[in-house]
Every structure is written in structure tokens, then in C-alpha cells.
Amino acid sequence: MSQTVIRDYSVSGTDTRLDVELRKVFKVYDGETAVRGIDLDIHQGEFFSILGPSGCGKTTTLRMIAGFEDPSGGEVMIRGKSMLGVPPYKRPVNTVFQSYALFGHLTVWDNVAFSLRLKSCGNTELRERVGDALQLVKMSDFARRFPAQLSGGQQQRVALARALVNHPTVLLLDEPLGALDLKLRKEMQVELSNLHHELGLTFVMVTHDQEEALSLSDRIAVMNNGKIEQIGTPSEIYEHPKTAFVADFIGDTNLLKGQIESIYAETLQIVTDSGLHIVAKPKTLWNGADSSSSNSSSSNSSSSNLSGSHASEAFVSIRPEKVHLELSPPADSISSRNCYAGKLKHVMYLGTHVSYQVELATGDRIAVLQPNRSSLMDLGTSVYVYWAAEDCLALAPQE
Amino acid sequence: MSTSTPSSPPLAESLPASSQGWQKLTRLIEPIALLVPSGVWLLLLLVAPTLLILELSFIPGFRLGQSAGDYGIGNYLEIFQPIYFQVILRSVLFAIGCTVTCMLLGFPVAYWIAVMAPSRWRNLLLVAFVLPLWTSSLLRAYAWITILRPSGSLNSLLSALHLPSQEWLNQTPAVYIGMAYSFLPYMVLILYASLEKLDKRLLEAASDLGATPQQTFWKVTVPQTLPGIAAGGLLVFITSLGEFVVPELLGGASSMTISRLIYNQFLGATRNWGLGSSFSILMITGVSIAIALLLKYGDRDSALSG
């Protein structure tokens, strides 16, 4: 029933009003900096994910929004109100914990009713709201059970109902699906998405699973080493990563390190350290070391001062699915600009796709992902790999 | 049954018959060899005396050196004389008071060590708390005498603060102080074991759901550690019910407990072994019931570790 009634105003009409704002937030534990000055604007009604490897500070960030940690510096605001010094029990947020943290001494019903009883909410209202919350997560039949008698997926649903019954302004989810097996995780992803559409609440989810973040979120913040690398929609993050870390972390990519030889308008000539000449035409402007000089002097068509003090380092990123693999070089000259001969070193059959590793003459290994259409190629076959300059991203090295 | 477990019989058959017999024999001897020493010990020093006491308790007015009279329940009827009943009541009140005091003093300490103190300090803090247990209970009682006696350290301190001096020695307050001091480490250890197992994320979850720290304590911490609370309470109750040294040395004549009463019947002036035995049986029964409750409802792990 819940799936049929989807009031779809949350995604397209994401409210421009802000629910959560972080301003230059720092967190230091015992001299170690976990979060290094991050800024976040989370809009009302959006499904926002904080994505990153373990230890990147994403959970600390969520805990500062929930109020379990106080920022060492900076400002946390919810609906425009400063939350500094406000304890968790006074914040208009509720959390779905990673390990669910259900109260083992209470039944499912009493777990969900916990927050309402604290507010001494009326008996009829309590019964109605707890009943609704349990129905929302399809756990009405389990109200009399204890958490220990439920499966992981069922506990997850109870944790969701317990967090939602209070009608929070923001729902925080800390790796909500991390403990579930793959099939259950996929099911719960769909349900989470449905719940978000249905309720129109702001969801802030922390996850290390890039696929989960890409499939569920309206926007994603990719964190690494206590900093936000990039904030954007899933397609922005995937198609136009701004840093080498994001390109590498989100999906698979071929990442080659090199020097910029010349910049001409939007076309970059890059020589990799192994000696490969690559032409890149990224749609986003080069954001590396000498972007200012190339931008400001766009009339100046000659290549800028690269022969000078430091030739500018860059990473080239090409997604495996954007690489073509053929037995003969392509006929047209434009796509032949990034065309290299090599030998097949590794073939992995993935069912819908086939993953190849091609070793070039320079020793570079290029990963190629092709739909499973034609017959498999044998190991050691001489092949040509090529890709369009537009599919090639040039990324600034990390500081 | 045998068809469903085909793996083990062939293995046994492959061994020579004599070896199989030897294995059976060792399997039989092993537990006996392990249990006999302690079993004999318990039988001679615990079971036999208890049975003897059970018999004596049914011989009214049995005194050593006199010929035994007929069996009867006269001793048990004598227990309910007001003078004896008062002693029983006082012992139970002492035990309850001591348990409550230990709980009130011990819970904050155990909570602090288990939840709030830095984890690397926990073991050290626990050892510091258990340290008094390593001295003799007699020594501890004498230490309290020097503190509580009319010219002792307590009254010096009180007079220095211009407060009225207290005559606690040989009165009820001294018994409570001494017993609570003796049993507090047990209580702290058991409560610590229970609180340490408490999932701290539950406390965060409660706070997240709108519970103030007080509400979190009463609605999550206490229910979650209830088995430990029951174990600590019952254990302290049982041991303090049978406590002899502290009431004897600190309580004076006005604080006679069952233990002292039993002592008097066997070794004191009255020498009524029959009556002493019936008191003993009464106490064994009471304590057994408490232990049964402890095993059924208490947190057995923390009780045993404590």
C-alpha cells in the first residue's frame, strides 16, 4: 500500500530552505583531527549522503549533527538554530544506528513508543502513532516480540519506525544497511527510497557503499581524511569528479599520473609518467595549479608558462566503460588521438559485462568494461584501446 | 538413531577391542578421580555436619554431655519466642540495610568506572576498590573501632569542625558502617561486570529519542542491568545475614544477630545445642532460598566473577 501512494514532490521540488548547516566544523580527538573544517548545506526534504572510506570522519560528522559529539570548532545549525551545547535529547533529529541499538528489555511496540512515552503523549495518540509507524515499516505483526526474536532486517525496520515515530525534522542514518546481506540490502534500499518519497523528510545518511549512495541520494558529499572532496548529485560525482580521490573512490577508473604539456582552450595535452600522450577535453574547466593563468588569458592562445618553474602535475581519469576495445585501430582520425596498442592480460567474465585488462607498450594497464555482446577475446590477443578526449578527465593532484 | 549417525561407530570399531574397553574405563575413572578429593572434603566437612545439625535441631533442649531426649519440634517452636524473634528480625534488618547502603554507594562507583572513566584506568580503579578485601575482616573491624570509639579519629574530626561528637561504637550505626564497608567491594565488582556489558549505544539511542540523562538512567540503564543489580543485592544480603565479626566487634551487646545467637548456643553460656541447631537450619533454609533466587533471576556471570 505504501508503495502505491508516492507523493513525489521531494526530489524535483527539493526545498531551497536549509535543514542542516555546518559551518567550518572541526573535530579533534586527543590531538588527532577527525574533521577538518567542513561546510555543508542540507536542503529540506533531500536525501543527502555522506560517503567516504572508513576513518574519513563521516560518522563523526553525523554524530555532531545528532549531538553525541560537540564540534571542536565551527557551527552546527538545524533549521537555522544553532545547536552548539544543545544535548541530543533536545535536538529535532532522530537517528537510525548502525547496529540498530534497540532496547532489548522492551518489546517492538515499547521500543517504538519509547520517545512518545517520554513526552507523555496521550494514550490514543500514542497507540495511533506507534501503530502507523509500525505499519509504515510493515512490522505491525511483530509488535509483541522482543528484538532478540527478530532477524537483522526486521530489527532494522523497527529501528526505522522508532526513529520516525517522533516526526523528526531530520532523520539521520548511520550505515543503516551495513549489517544486512546483499539481497536484503537491495530490498531495504528500495524501501528507504520509498519512505523518503512518502514522508518528504530530510534524510542524512552516512555510508561507505558508493553504490548505495549513488542509487539513493539526491546529493552526495564525498569525504576523505576529514575533508569534503566534492558535493554534488550522483551523476555529477560520477561523471565529473573534481579530484583524483573522488574519481577513484566512486566506481572504477583508470587513473594515470602525468604532467600537463599544454593547455589550449579546453583541450589538455598530458604526458603520463610512463610516456603516454593523452588528449583530454574535460567539460569542466581545469581546476589545477595554473587554472587562473589559462582562464584569464583565454585570448592568449599559446600554451602558458608550463616550461617554467613547475610543470603542472595532473591525473587523467578514464572510466573503464568509456574505453573501446577493438582488434584494429579506429578509422576516423578524431577518436584515434587517444588510441594505443596493447595485449590482453586479463579477462574476467561478469555475466552482463566482461572486464578486460590491457597492457600497453608503456607498461600501463588499462581496465576496459564491455557489455557482453560478442564472443570473448583470448588472453594475449593484440588489441587497440581508444577513448574520446571528452570522456577523459584531468584532475588536480591531492594537496 | 544409530543409522542417523553413521560416522562415529565405524571409527570405534576400527580400534582393537581391548583399547575400546580401556577408553570406556578411563572415561569412567576420569570424572571420579577428579571429583573424589573435593567430594570427600565436602562430604566430611559440610554435608555430614549439616545432617548432624539437622538431627540435633529435632532434639529439644539437647546439651553436650547429656543423654539425648526424644525427637520433637520443640526447638523450632522456641525460635518464635519474642526475644529470639527480635534477634532474627534485627539480623534481617541489618542485612537489608547493608544491602541498600552498598547499592546506593556502589552503583555510582561501578557506573563511573564502567561507563565514564577512561578504559585504560578501569582495571586499576577496580583493584584499588577491591584492595580492602585483601586484609583480614578482623583487622578491618579493629580499624573501625579506632575510628569510631569515643576518643577516635571520627570524633577528633567532628570536634575540629565544631560538630557534636557521636557515640556510634557499640551501637547500630557502627554495624551498618562496618558491614557496608566490608561488602561494598563485592557489590561494586558485580555491578561493574553488569554495567561494563551494557551497550553504551543504547544510552545514546535513548538520548537521541528525547530521554534526559535521568530518564535514560531509569528507563534504560537500570532495566538493562537489573540481573546484575539482583545478583549484587542478593549476594550482599546473603553474606551480611551470616556476618559474625562486624556486629560482634562493632555492635556491642545491643546488636545481637542470629550468628551471635547460634554461637552462644554452642559455645556460650547456655550451651543449648538443640536450639542452636534449629537456628542454624532456619538460616541455611533462608540463605538457600536467597541463593535459589539469585541463580534464577540474577546475572550469574557477574555474580560468579565477583
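I began with the helices of chain B in this predicted model, and I noted that α4(B) passes α8(B) in a right-handed crossing. For the record, α4 of chain B covers residues 82–116 and α8 of chain B covers residues 172–197.

I then looked up the geometry of the pair, and I found that the two helices pack at an angle of about 45°, their axes lying 6 Å apart. Because angles of 65 to 115 degrees count as roughly perpendicular and those under 35 as roughly parallel, I entered α4(B) and α8(B) as oblique to each other.

Next I asked what kinds of residue make up the contact of α4(B) with α8(B). I wrote down 24 nonpolar residues, 5 polar ones and 1 charged one for this contact.

I turned after that to enclosed space, where the count comes to 2 cavities of 30 Å³ or more. I looked further into the second largest cavity, which holds about 30 Å³ of space.

Which residues line the second largest cavity? I listed Ser91(B), Phe94(B), Ala95(B) and Met179(B), together with Ser240(B), Leu241(B), Glu243(B), Pro247(B) and Thr257(B). Sorting this lining by element, I found that α4 of chain B and α11 of chain B, residues 226–241, are the elements that give two or more residues to it. The largest share, 3 residues, comes from α4(B), the helix that I had already recorded as crossing α8(B).

My last entry concerns the character of the lining of the second largest cavity, whose residues divide into 5 nonpolar, 3 polar and 1 charged.

Notes:
Residues numbered from 1 in each chain as written. Chains lettered and ligands numbered in written order. Predicted model: local features only at pLDDT ≥ 70, side-chain atom pairs only at ≥ 80, totals over all residues. Heavy atoms only, no water. Axes fitted to C-alpha atoms, helices over the stretch in contact; angles between N-to-C directions. Helix = DSSP H or I, 4+ residues; strand = E, 2+ residues; numbered from the N terminus. Parallel < 35°, antiparallel > 145°, perpendicular 65-115°, else oblique. Left-handed = near helix turned anticlockwise from the far one by under 90°. Nonpolar A, V, L, I, M, F, W, Y, C, P; charged D, E, K, R; others polar. 1 Å grid on protein atoms, 1.4 Å probe; cavity = no way out; pocket = protein on both sides within 12 Å on 5 of 7 lines; lining within 4 Å. Points joined across faces, edges and corners; volume = space filled by probe spheres on them.
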